Amino acid sequence: MSRPQRLISSRLGKTVRQVLASKPDKETIQVHGWVKSVRLQKRIAFAMIHDGTTSKSLQVVFQDPKYAKVLTNGTSVRLTGVLASSPGSGQDSELHAESVEVLGACDPEIYPIQKQTLTTEYLRDHAHLRVRTDVQGAVLRLRDAVMRSLSEFFQCNDFIYAHTPIITSNDAEGAGETFRVAPVPSRLASPSTTTQDPEFFNKPSYLTVSSQLHLEVLSNAVARVWTLSPCFRAERSQTSRHLAEFWMLEAEWAFVRTASIKHVLRLERSTRPSEVPWVRITYTDAIHELQKSGTRFEFAPRWGAPLQSEHERWLAESFARGPIFVTDYPSAIKPFYMRQNDDGKTVACFDLLVPHVGELAGGSLREERSALLGAAIKRQGLDEGAYRWYTELRKFGGAPHGGYGMGFERLISWLGGIENVRECIPMPRWSGRMLL
């Protein structure tokens, strides 16, 4: 469906980005935004106006300085004037203001977002205002750009976007770190209402940690599906990689075999000659490399144990010196749904590790063989009845399929060179902290 872009723009008015992209003419235009800085001189005044649609600001020139005296940093304004070529350096055009209307005043004496350098912790304490800083504005635009790029990629490959449930009755990854959902009794409820079953649904319910199982349902009817949705994990880790609420990009597609997964994991160096080729290594070989590295790890690497953060960092930063895929983990340390390899000990899966972030993405072929899937559910001590619907997907025309999930904030952290994922989401939540 095409959008009438020009009609929409004319009704909404031009953004600062659109104004800066326009050629100067003699027509009068109107611009809205916030004041970033003001410079008063004896016979002229200048102000920089931004609205977040671009990292750049629009320079506004006031031929009469008195119009700029009402402006302070953070003030929201409506400006009317003529866009003209700028004789100064740093910008191609500027707005010659004819009138200014203050829409929202901002007292500079108490405004928390001052021009001086503000610490990360200070901005976290002022989460409702920190997006007004240059860095957080850039992060928001980066999230938007990445989301658009991903959407375009999936659309070009015939993936259908799907909305998956936020409330679920299962723990897709089996980690047990879930938030329980329960109704809050109303003070106005009648006594008969309060004596009802405390479970709102007919079983315990949780905030989702992954959309994978629901995407598998859809991929058995619509062959290629993906989503970008919020996920929740009640993990008390205070590391730079963990959030209690985060966004997860997940994709599932049917009719995929091992060869197809290998093709997905392959990065052709000829397409990106300036980058280091991405390495592939099995879990078994990774353990061997860790053991012979001579590095003194806090947790000694051994076959059959999960890779710790320190192991992941060494593999990406010292061994591969770039992104690395670790494949074929032991089945005992992976979820029940991963497809068992022919050796009977490992599963057809991968984790993508990247420098300074660690695990960025993880995926696998899904076990499509009913007998092996049932055995895995039993082996991991899961409720067979709770997963009956999942096993029935294999019973009725189930196709070989696979998929992956990628933490969106971790992706933003890697692409943006941002140390902590708490700065990669506008309103971060983690154990012990939720301000908004």
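Which residue in E3 is the bridge partner of Ala 47? Let's work up to that and a few other exercises.

This is a predicted model, in which local features need pLDDT of at least 70, side-chain atom pairs count only at pLDDT 80 or more, and totals for chains, interfaces and linings use all residues. Residues are numbered from 1 along each chain as its sequence is written, and side-chain values use heavy atoms, with hydrogens and water left out.

**Exercise 1. Place strand E3 among its partners and describe its two faces.**

Step 1. Helices (H or I, at least four residues) and strands (E, at least two) are DSSP runs, numbered from the N terminus. Two strands pair if DSSP finds at least two bridges between them.

Step 2. Strand E2 (residues 45-50) runs antiparallel to E3, and 5 bridges join them. The opening question is settled here: Val 60 is the partner of Ala 47.

Step 3. Strand E5 (residues 93-104) is parallel to E3, with 2 bridges between them. There, Val 61 stands opposite His 96.

Step 4. Now for cover: buried means under 20% relative accessible area, exposed over 50%, and partly exposed in between (1.4 Å probe, protein chains only). In E3 (residues 58-62), 5 of 5 residues are buried.

Step 5. In a regular strand the side chains alternate between the two faces of the sheet. Leu 58, Val 60 and Phe 62 point one way from E3, while Gln 59 and Val 61 point the other way.

**Exercise 2. Do the same for strand E13, then find what covers helix H9.**

Step 1. E13 (residues 324-327) has both faces covered: Ile 324 and Val 326 are buried on one side, Phe 325 and Thr 327 on the other.

Step 2. Strand E12 (residues 279-282) runs parallel to E13 and is joined to it by 4 bridges; Ile 281 has Val 326 as its bridge partner.

Step 3. Strand E14 (residues 349-354) runs antiparallel to E13, again with 4 bridges, and Thr 327 stands opposite Phe 350.

Step 4. Turn to H9 (residues 309-319), where Glu 310, His 311, Glu 312, Trp 314, Leu 315 and Ala 316 are buried. Their cover includes helix H8 (283-291), E13, E14 and strand E15 (358-365), with contact meaning heavy atoms within 4.5 Å.

Step 5. Just after H9, Arg 321 takes a positive phi of about 55 degrees.

**Exercise 3. Work out how helix H10 is oriented.**

Step 1. List the buried residues of H10 (residues 370-379): Leu 373, Ala 376 and Ile 377.

Step 2. These residues lie on the same side of H10 because they cover an arc of only 100 degrees around the axis, the arc being that of the directions from the helix axis to the C-beta atoms.

Step 3. Helix H11 (388-395) is what the buried residues of H10 pack against, whereas the face turned away carries the exposed residues Ala 371, Lys 378 and Arg 379.

Step 4. Just after H10, Gly 381 has a positive phi of about 70 degrees.

**Exercise 4. Decide whether Arg 124 and Phe 201 are buried or partly exposed.**

Step 1. Arg 124 lies in helix H3 (residues 120-125). Its relative accessibility is 10%, so Arg 124 counts as buried.

Step 2. Not counting residues up to four places away in sequence, Arg 124 touches Arg 130, Asn 420, Arg 422, Glu 423, Trp 430, Arg 433 and Leu 435.

Step 3. Phe 201 is in the loop between helix H5 (191-194) and strand E9 (205-207). At 37% relative accessibility, Phe 201 counts as partly exposed.
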